[in-house]
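Trainee: Please take one short stretch of this fold and look at it closely for me, and then follow the packing outward from there. I would like to understand what is covered, what is in contact with what, and where the charged side chains pair.

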Amino acid sequence: MKHFFTILGHEVRMLLVSPSTYIAAVLFLGMMGFVFVGILDRYSQAAQELSPATPFFKFFFVPVLFMVPLLTMKCLAEERRLGTIETLLTAPVTTTEVVLGKYAAAYLLYVALWGSTAGLFLILKRSAGASHILDPGPIIGGYLFIAVSGLFFMAIGVCASALSRNQAVAGILSFTMLFAVIIGSDFLASASWLDDPAFAPMKAAVDYGRIFQHYEDFTRGVVDTRQLLFYGSGTVLALVFSILSVEAKLLHS
């Protein structure tokens with residue numbers, strides 16, 4: 001892995017000059033700013049029991065569904081379309097180093113964009129003059145959830161990019177996979193037919209993978225090791241599939 005940091009630095013620079021990165025950043029910050037203003041408007045009209053951080057992070061899935069595809073759709077698909085992935089791998093680097101370098105660069109940018117929203121809470125603290133409404137528990141838990149779940153979400157985006165030569169197709173595939181994991185799991189968990197005792201093992205598995213339940217636990221300060229295992233194993237599997245997909249495509253090219 002001695003070339004990992006070289007690839008990581010290169011990919012970070014490429015992301016910083018990519019138009020899709022700035023499109024994702026503008027859309028993300030604009031959307032989360034709009035959400036934050038809406039939350040503050042509701043809090044100004046009536047007292048609320050929950051910290052503003054709790055409803056703020058509840059909308060995590062909206063930017064994830066468009067930001068992850070925008071940040072990852074080019075990382076491998078574009079390399080394959082241009083034929084530069086073969087040239088890159090003729091250098092003394094491995095497929096694993098290339099995939100992990102591109103993944104780490106996209107993840108760092110993802111975390112940086114979310115980290116920039118901390119400014120919203122700082123502005124609120126200074127302007128409101130009431131620090132008691134900014135309970136640090138939900139804020140820390142929310143950002144921890146973003147960081148941990150982002151490992152899995154970004155790995156899904158990289159995997160989608162590894163499966164296609166076209167970045168638009170990779171973006172659509174990434175969106176579909178993320179929608180299925182985040183929204184689909186929650187929708188499936190509410191299905192009445194899963195209440196049948198015969199489907200008890202399946203219901204337990206679906207409940208285990210409910211992303212929204214994980215979010216609620218994190219913002220309440222409950223960090224379940226099973227959830228960490230879920231995101232860790234999911235990340236590893238998605239990256240392994242990405243590496244295998246790139247190598248398989250190279251063998252057939």
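Mentor: A residue is called buried here when its relative accessible area is under 20%, exposed when that value is over 50%, and partly exposed in between. With that cut-off in hand, and bearing in mind that this is a predicted model, let us take helix α4, which covers residues 61–72.

The geometry of α4 can be checked before its surroundings are considered. A helix is expected to span 1.5 Å times one less than its number of residues, so the 12 residues of α4 should span 16 Å, and the end C-alpha atoms are indeed 16 Å apart, in agreement with that expectation. As for burial, the residues of α4 that fall under the cut-off are P63, V64, L65, F66, M67, V68, P69, L70, L71 and T72. Because 10 of its 12 residues are buried, α4 is largely enclosed by the rest of the structure. The cover can be assigned to particular helices, since the buried residues of α4 pack against α1 (4–16), α2 (19–45), α7 (95–115), α9 (136–162) and α10 (167–189).

Two residues of α4, P63 and M67, are among the contacts of W114, a residue that also touches F28, M32, F56, F57, F60, Y143 and I146 when its neighbours within four places in sequence are left aside. W114 has a further role in the packing: in the largest nonpolar core, which has 65 residues, W114 is one of four residues, together with F60, Y110 and F153, that touch the most other members. The largest share of this core, 13 residues, comes from α9, one of the helices against which the buried residues of α4 pack. In soluble globular proteins, nonpolar side chains tend to be buried together.

Just before α4 along the chain there is helix α3, residues 53–58, and T54 lies in it. With a relative accessible area of 15%, T54 is under the cut-off and therefore counts as buried. Its contacts beyond four places in sequence are P138 and Y215. Y215 leads us to α12, a mostly covered helix in which seven of nine residues are buried, namely I211, F212, H214, Y215, D217, F218 and T219.

From α12 the packing can be followed into helix α13, where Y231 lies. I211 and H214 are among the contacts of Y231, and the others, with neighbours within four places left out, are F145, V148, S149 and F152. Y231 has a relative accessible area of 1%, so it is buried. Although Y231 and F152 are 79 residues apart along the chain, their C-alpha atoms are separated by 5.6 Å. F152 also approaches G234, another residue of α13, with 5.9 Å between the C-alpha atoms across 82 residues of chain. At 12% relative accessible area, G234 is likewise buried. What part of α13 faces outward? V236, which has its place in this helix (residues 225–252), joins L237, V240, F241 and L244 in a nonpolar surface patch of about 470 Å².

The charged pairs remain. Side chains of opposite charge can pair when their charged atoms come close. Four salt bridges are counted in the model. One of them joins the side chains of E11 and K102 at 2.8 Å, N to O, and this pair links distant parts of the chain, with E11 in α1, K102 in α7 and their positions 91 residues apart. The bridge lies away from the surface at its two ends: E11 is buried because its relative accessible area is 9%, and K102 is buried because its value is 3%.

A second pair, D186 with R210, has its closest N and O atoms 2.8 Å apart; it also links distant parts of the chain, 24 residues apart, with D186 in α10 and R210 in the loop between α11 (200–208) and α12 (211–219). D186, at 24% relative accessibility, counts as partly exposed, and so does R210 at 23%. In the pair formed by D217 and R220, the closest N and O atoms are 2.7 Å apart. Here the two ends fall into opposite classes, as D217 is buried at 10%, whereas R220 counts as exposed at 54%. After α12 comes G221, whose phi is positive, near 90°.

Technical notes:
Residues numbered from 1 in each chain as written. Predicted model: local features only at pLDDT ≥ 70, side-chain atom pairs only at ≥ 80, totals over all residues. Heavy atoms only, no water. Helix = DSSP H or I, 4+ residues; strand = E, 2+ residues; numbered from the N terminus. Buried < 20%, exposed > 50% of the residue type's maximum accessible area, 1.4 Å probe, protein only. Contact = heavy atoms within 4.5 Å. Core = buried A, V, L, I, M, F, W, Y, C linked by side-chain atoms within 4.5 Å. Patch = residues over 30% accessible without salt bridge, like charges linked within 9 Å, V, L, I, M, F, W, Y side chains within 5 Å. Areas by Shrake-Rupley, 256 points an atom, 1.4 Å probe, with all protein chains shown as cover.
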